[in-house]
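This report goes through a few local features of one protein model. Please keep the sequence and the structure in view while reading.

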Amino acid sequence: MTRLHCYVHVPFCRERCSYCDFFLVTRQDLLGRFFSALHSETSERLAALRESTVHSIHFGGGTPSLVPVVYLENWLEALSRHVSLSDDAEITLEANPEDLTNEKLYELAALGVNRLSIGVQSFIPEKLRALGRLHTAEEALRVTDMALDLIGNVSVDLICGVEGESPDIWAQDLDTAISSGVPHVSVYMLTLEKKTRLESFVRKGLVTLPDEGAQALMYMMACERLDAEGFEHYEVSNFSKPGFFSRYNLGCWQRESYLGFGPSAHSFLVSGDHELRSANASSLIRYMSSPREAQEYREMLSREERADEKVFLSLRLSSGLELVHLMQYHEGNDAVLENVDRLKKQGLIEFRNGVIKVSRKGFLFADKVAEELLPVRMRD
Ligand code: SF4
C-alpha cells in the first residue's frame with residue numbers, strides 16, 4: 001500500500017503582500033468554481049491510487065483560512081471516497097491571523113484539522129506595517145493563544161530582515177514566539193523576489209533592507225535561542241519541539257510520494273524504481289476550465305536526477321546524508337573525501353559516523369554546500 005501525502009494549493013488571498021511572488025489571485029468570488037475544479041482533479045487523479053493511504057494533508061496557499069469550512073469538509077469527504085486516511089493523519093491548514101475567530105477555530109478543530117501553521121510573520125506593529133500584513137500584533141498574539149488552546153499543534157512563521165529591523169527587534173519577536181508556548185517555529189529571511197512591490201521599492205531607493213550579514217546574524221540568533229529552548233532545528237528554516245515536526249514537509253524532503261492539487265501545485269510519485277515529478281500550470285483560468293488536464297509538466301527522473309535530489313534534500317535536514325550515498329555516485333572517491341574535508345574545515349558541515357550534516361553556519365548556504373558535494377557521476 002503506497003504511503004501518500006496530499007497538498008492543496010488554495011490560490012486566494014485578500015490582498016497580495018508586498019514581498020510575495022506566490023501564485024494567487026484576490027478574486028474570492030471564484031472560490032466556488034475553484035472548489036468544483038478541485039473535486040474533478042481529485043477524483044481523476046486518485047482513481048489510479050486507490051491502494052494508497054494518506055498520512056498527511058496540507059492546505060497551503062494563498063490563504064486557505066479564508067475558505068468557508070464547508071468547502072474543506074466537502075473536499076475531505078470526496079478524498080476519503082477514493083483513498084483511506086491513516087488514523088493519525090496530520091491535517092494542516094495554513095492560516096492568517098485576521099481569519100481566525102474563535103468560531104472558525106472551533107469549526108476547523110471539529111473538521112479534524114489538527115495542525116495550524118499561522119502566518120504571523122511578526123508580533124511587532126512596525127514590522128507588520130513594513131511587510132504590509134493585514135493583521136495587528138495584538139491579533140497575532142491573541143490568535144496564537146486561542147489556537148494553542150483549541151488545536152495545540154501550532155506553528156508560527158516569523159520573518160527577519162525587514163526594513164529598519166535591528167537584532168533587538170528580532171530578539172523580541174523570537175522571545176514572544178517562544179513564550180507563547182508554540183511547539184513549532186518556521187524562520188524565514190526576507191528575500192527580494194522579482195516583480196514584487198518590495199523589489200520595485202528597493203530598486204527605486206524607497207526601501208533599504210538590512211544587508212546579508214545582518215540577516216545572517218539574525219538567522220544565527222534564531223538558531224541559538226530556539227535551540228536553548230529545546231527546539232530541534234530539523235530543517236534549514238524549521239524548528240520543532242520533540243514530536244511536533246511537520247509530517248507533510250518532512251515527507252516531501254525525505255522524498256515520499258505526494259500529490260499536489262490546484263494550480264501551480266507540484267507532485268512526486270514513487271512506484272518501485274520509477275519516480276515521477278509533475279506540476280500543474282500556474283493558471284487559475286486554465287485550472288477551472290479543464291482541471292483534468294491541469295498538468296503542464298511531467299518528468300520521469302533519471303538515476304542521476306534521483307541521486308542529485310537526494311543530496312540536495314537530505315542536506316537541508318538535520319538527519320544529514322550518508323557518505324556512502326555520495327561514494328556510490330562519484331567517479332573518484334578521493335575527490336568526495338577532499339570536498340568533505342574542505343567543507344568541514346570551513347565549518348560548513350560536520351562529518352561523524354559516516355553521516356554528513358550541514359552545520360548551523362552551513363545552513364545559511366545549504367544549496368551551495370550541496371552543489372559542492374554533488375556527484376561527478378560514474379559512467380554506465
Ligand atoms: S498572505 Fe501569504 S500567500 Fe497571501 S500574499 Fe501574503 S505572503 Fe503571499
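In which loop is the place of A265? A265 sits in the loop that lies between β9 and β10, the latter being residues 266-271. The model is a predicted one, and every value below is computed from it.

## The loop between β9 and β10

A265 has a relative accessibility of 3%, which is under the 20% cut-off, so A265 counts as buried. Leaving aside residues up to four places away in sequence, A265 touches Y7, H9, G260, S278, A279 and N280. A265 is also 9.9 Å from P11, C-alpha to C-alpha, although 254 residues separate the two in sequence.

S264 has its place in the loop between β9 and β10 as well. Its phi is near 75 degrees, a positive value in a residue that is not glycine. S264 counts as buried because its relative accessibility is 17%.

## Backbone exceptions elsewhere

Most residues other than glycine have a negative phi, and most peptide bonds are trans. Besides S264, Q121 departs from the phi pattern: it is not a glycine, yet its phi is positive, at about 70 degrees. Q121 is found in strand β4, which covers residues 115-121. With a relative accessibility of 7%, Q121 counts as buried.

The peptide bond between G61 and G62 is cis, with omega at about 20 degrees. G62 is placed in the loop between β2 and α2.

## Surroundings of the ligand

G62 is also one of the residues around the ligand. The others in this shell are C13, E15, R16, C17, Y19, C20, F22, L24, T63, N96 and R133. By class, the shell divides into six nonpolar, three polar and three charged residues.

## Helix α2 and its packing

How many residues does α2 have? The helix has 14 residues. From its first C-alpha to its last, α2 reaches 21 Å, close to the 20 Å expected at 1.5 Å a residue. Its buried residues are V69, L72, W75, L76, A78, L79 and H82. These buried residues pack against the helices α1 (31-46) and α3, and against the strands β1 (3-10), β2 (53-61), β3 (84-95) and β9 (257-261).

Two packed helices are described by the angle between their axes and the distance between the axes. For α2 (residues 69-82) and α3 (residues 102-111), the axes come within 10 Å and cross at roughly 5 degrees. The angle is under 35 degrees, so α2 is roughly parallel to α3. On the α2 side the contact is made by V69, L72, E73 and L76, and on the α3 side by K104, E107, L108 and L111. The residues of this contact divide into five nonpolar and three charged, with no polar ones. V69, L72 and L76, which take part in the contact, are also among the buried residues of α2.

## L38 in helix α1

L38 has its place in helix α1. Is L38 buried or exposed? Its relative accessibility is 0%, so L38 counts as buried. Not counting residues up to four places away in sequence, L38 touches V8, W75, F261, G262 and Y287. Of these, W75 is one of the buried residues of α2.

L38 can also be placed relative to G61, the residue joined to G62 by the cis peptide bond. L38 and G61 are 23 residues apart in sequence and 14 Å apart in space, C-alpha to C-alpha.

Technical notes:
Residues numbered from 1 in each chain as written. Predicted model: local features only at pLDDT ≥ 70, side-chain atom pairs only at ≥ 80, totals over all residues. Heavy atoms only, no water. Axes fitted to C-alpha atoms, helices over the stretch in contact; angles between N-to-C directions. Helix = DSSP H or I, 4+ residues; strand = E, 2+ residues; numbered from the N terminus. Parallel < 35°, antiparallel > 145°, perpendicular 65-115°, else oblique. Contact = heavy atoms within 4.5 Å. Nonpolar A, V, L, I, M, F, W, Y, C, P; charged D, E, K, R; others polar. Near = heavy atom within 4 Å. Expected span 1.5 Å × (residues − 1). Buried < 20%, exposed > 50% of the residue type's maximum accessible area, 1.4 Å probe, protein only.
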